Structure formats: structure tokens, C-alpha cells
Amino acid sequence: MRPFTHHAPSDLETALQLLSDLGSQAVILAGGTDLLLNLREGTLEPDSVVSLRQVAELRGIHEDKHGLRIGATTTLRDIIRSQLLHRQHPCLVHAASLIGSVQVRSLATIGGNLCNAAPSADMAPPLLALDAEVLLVSTKGKRQLPLQDFFRGPGEQALQAGELLSEIILPHPQGETIYLKHSFRAYMDIAAVGVALRLHANGGTFAAARVALGAVAPTPMRAKAAEQELEGQAPSEDRFARAAALAAEACTPIDDVRAPAWYRRRIVEILTRRGLTALWQGTEQVAG
Ligand SMILES: Cc1cc2nc3c(=O)[nH]c(=O)nc-3n(C[C@H](O)[C@H](O)[C@H](O)COP(=O)(O)OP(=O)(O)OC[C@H]3O[C@@H](n4cnc5c(N)ncnc54)[C@H](O)[C@@H]3O)c2cc1C
């Protein structure tokens with residue numbers, strides 16, 4: 001590993017000033033569970049690492065009149081232990097519990113999971129299904145983006161030089177959301193396919209539907225044609241089957257060591273159909 005200077009600011013203002021002063025030669029460290037692998041393998045060789053671990057403003061889960069705000073350095077362990085999330089967004093608790101091991105979840109942060117921008121990032125599909133937004137800050141100011149506009153490609157997101165992700169913003173929960181992860185080992189395996197679904201029923205039809213997919217395109221994505229098949233419509237097995245087929249059509253998986261593209265597409269269809277039925281019937285347990 002090439003030597004670098006380690007900075008550990010204790011407040012957000014200092015962190016942002018450091019990122020602005022150090023420019024493109026600095027990288028951000030949160031939990032380090034992705035970054036340290038890149039440093040060790042030499043795929044990243046920064047002059048400086050700016051750790052966010054002591055910046056208290058970036059960690060924690062708070063409720064306000066618009067919904068919930070999750071600080072970017074909130075760990076997956078904090079998420080699993082949050083009573084607020086258990087009550088309002090249990091799908092996030094479930095998604096976090098599927099990542100890595102106890103040791104990984106104690107370090108790994110929700111912000112790191114999004115900023116690393118892996119197509120298979122497990123926190124991304126449920127956050128997309130919940131209409132999450134992200135707050136990006138720098139010495140120049142703040143900007144808020146829908147999460148779906150944050151992802152740009154494998155390992156690429158909308159952050160500009162000197163900017164960091166400070167918060168994930170969730171509107172009040174509407175309807176029920178689930179996350180289904182398909183992987184080949186029960187533990188410590190990244191998703192071959194991830195499917196998050198939200199259904200908000202109102203008077204016998206769906207006022208809102210979300211179908212979000214992971215590991216089947218260059219970025220986590222929403223399958224909008226599938227959502228349109230459901231919105232404003234009454235539930236039926238045929239409709240769920242058509243929405244599931246549209247979700248499978250919308251994704252663009254690749255063949256890789258984990259699974260061939262045709263298999264991933266088929267799993268998207270199966271999980272989407274199974275998940276929609278389970279959500280509608282109020283079934284708690286659905287196998288991924
Ligand atoms: C054994 C193992 C198993 C794993 N299993 C899974 C799995 O099943 N599913 C899964 O999704 N992931 C898995 N991961 C990946 C990893 O744990 C997650 O992606 C983790 O959430 C990353 O968070 P972090 O805080 O460790 O990020 P870091 O490693 O600190 O950072 C990741 C990237 O994001 C940038 N970054 C971090 N925070 C910010 C911020 N606030 N603003 C701007 N940029 C930022 C960093 O510069 C870096 O480029 C696994 C990792 C390991 C080691």
C-alpha cells in the first residue's frame with residue numbers, strides 16, 4: 001500500500017475545508033470496508049485520506065415533519081438497532097441485516113454503500129423504492145438529488161470534487177415495502193439479484209407502486225414500466241405477472257462469475273411476482 005496522510009477532522013466544516021484544499025488527491029473514508037480493499041490492492045493511490053468517523057454531525061437517524069434523515073456515516077449496525085426504522089421502514093433493517101458479517105456491519109456505513117456505487121449494493125433498491133433523496137454538501141453549498149439520479153455507472157456517482165454525501169432523506173412511509181435478495185450463499189455473499197417492491201393501496205387500487213432492482217444493470221435502477229402497469233390499477237395475479245415480466249424486460253444484466261444474464265433476468269421476474277403477491281396478501285416471509 002502506498003503511504004498516505006490520514007486526516008481525522010472532528011466536525012463537518014473542517015472535513016469540507018480539507019476536501020476542498022486537498023482536491024482530487026484526497027479520498028473519503030467512512031467505514032473503510034470497500035475503500036481499504038482498493039488501497040491495499042493499489043487500485044486507488046491517494047496522497048490523503050479524509051476520515052469521516054469522528055464527524056458526529058454525519059451519524060444518526062432523526063425524524064422531522066417531512067420524514068426521516070439518516071446521516072451518511074450511520075453504520076449498518078445502527079440501522080439494524082434503530083427502533084424508528086423498525087417501525088417506519090423495516091425493509092431497510094432487513095436489507096442491512098443481509099450485508100456481510102457482524103464485523104462488517106459494525107464498520108460499514110449506509111453512505112459508503114451508496115457512494116461505492118456497486119450495482120449490487122444492498123441498501124440501494126429499498127432506498128429507491130422508498131423515494132429516498134440524497135443531500136450532497138461541499139464548501140460551495142448543498143444540493144439535494146433523488147437517489148435514482150445519484151448513480152451514474154458501476155463505481156460512479158454524482159459526487160463532484162470536494163463534495164460528500166451527508167444525509168439520506170426519506171419521506172413519510174406510504175404503503176408496504178420489501179427487499180428480496182438472491183445470492184448463492186446464505187451469508188457473506190453479494191446479491192446476484194436484488195428486488196425491492198413498494199405497494200401503496202388506496203380504495204382498491206394502487207396509488208403508488210415501486211419496483212427497484214439491484215445487480216442487473218450498470219446501476220441500481222427502477223423498473224418504471226412495471227410500476228406503471230400497477231399504478232392506478234386493482235391487484236390481480238395477472239397484473240402482477242405482467243409487471244414482473246416488464247421488470248425482467250427493463251433490466252440489462254451481464255454474464256459474470258456469479259450468474260449468467262438469462263438467469264438473473266428470470267430471477268427478477270420470479271422475485272417480482274412473488275414479492276408483489278406477498279405484499280398484497282400481507283405475507284411477512286418471502287424467500288429470496
Ligand atoms: C466481507 C464483506 C462482505 C460484504 N458484503 C456485502 C453485501 O452483501 N452487500 C453489500 O451491499 N455490500 C457488501 N460489502 C461491501 C461494503 O461493506 C458496503 O458497500 C459498505 O456499506 C461500504 O461502506 P463503508 O462505510 O465501509 O465505505 P468506505 O469503504 O469507507 O467507502 C466506500 C466508498 O465510498 C466513498 N464514501 C464513503 N462515504 C462517503 C460519503 N459520506 N461521502 C462521499 N463519499 C463517501 C469512499 O471514498 C469510497 O470510495 C461487503 C464488504 C465486505 C468486506
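Start with the shell around the ligand: in this predicted model it draws at least three residues from each of domain 1 (5-51) and domain 2 (59-171). Colour those two ranges separately, then show the ligand. It is surrounded by 30 residues, and the closest are Ala 30, Gly 31, Gly 112, Asn 113 and Cys 115. By class, the shell has 18 nonpolar, 10 polar and 2 charged residues.

Next, select the elements that line the ligand. Strand E2 (26-29), helix H6 (102-107), helix H7 (110-115) and strand E10 each supply at least two residues of the shell. The largest share, 4 residues, comes from H7.

Stay with strand E10, which spans residues 164-171, and pick Ser 166 within it. Is Ser 166 buried or exposed? Ser 166 is buried, because 23 other C-beta atoms lie within 10 Å, and the cut-off for a buried residue is 20 or more. Display its contacts beyond four places in sequence: Ser 166 touches Leu 58, Ala 72, Leu 135 and Val 137. One of these, Ala 72, is 94 residues from Ser 166 along the chain, yet their C-alpha atoms are separated by 5.1 Å.

Now move to helix H5, residues 90-97, where Cys 91, Leu 92, Val 93, Ala 95 and Ala 96 are buried. Add the elements that cover these buried residues: they include helix H3 (76-81), helix H4 (83-88), H6, helix H8 (124-129), strand E11 (176-182) and strand E12 (193-202). H6 has already appeared on this tour, as a supplier of at least two residues to the ligand shell.

For the next stop, select the largest nonpolar core, which has 86 residues. Ala 247 and Val 268 are the residues with the most contacts inside this core. The largest share of the core, 7 residues, comes from helix H11 (residues 237-250). Centre the view on Ala 247 and show what it contacts beyond four places in sequence: Val 211, Leu 213, Ala 223, Ala 226, Val 268, Glu 269 and Thr 272. Val 268, the other residue named for its contacts within the core, is thus on the contact list of Ala 247.

Finish at helix H10 (residues 224-230) and select Gln 228. Why does Gln 228 count as partly exposed? Gln 228 is placed in that class because it has 14 C-beta neighbours inside 10 Å, and the class lies between the limits of 12 or fewer for exposed and 20 or more for buried. Draw a distance from its C-alpha to that of Gly 60: the two residues are 168 apart in sequence and 35 Å apart in space.

Notes:
Residues numbered from 1 in each chain as written. Predicted model: local features only at pLDDT ≥ 70, side-chain atom pairs only at ≥ 80, totals over all residues. Contact = placed C-beta atoms within 7 Å. Core = buried A, V, L, I, M, F, W, Y, C linked by C-beta atoms within 7 Å. Near = placed C-beta within 6 Å. Nonpolar A, V, L, I, M, F, W, Y, C, P; charged D, E, K, R; others polar. Domains from an automatic or database assignment.
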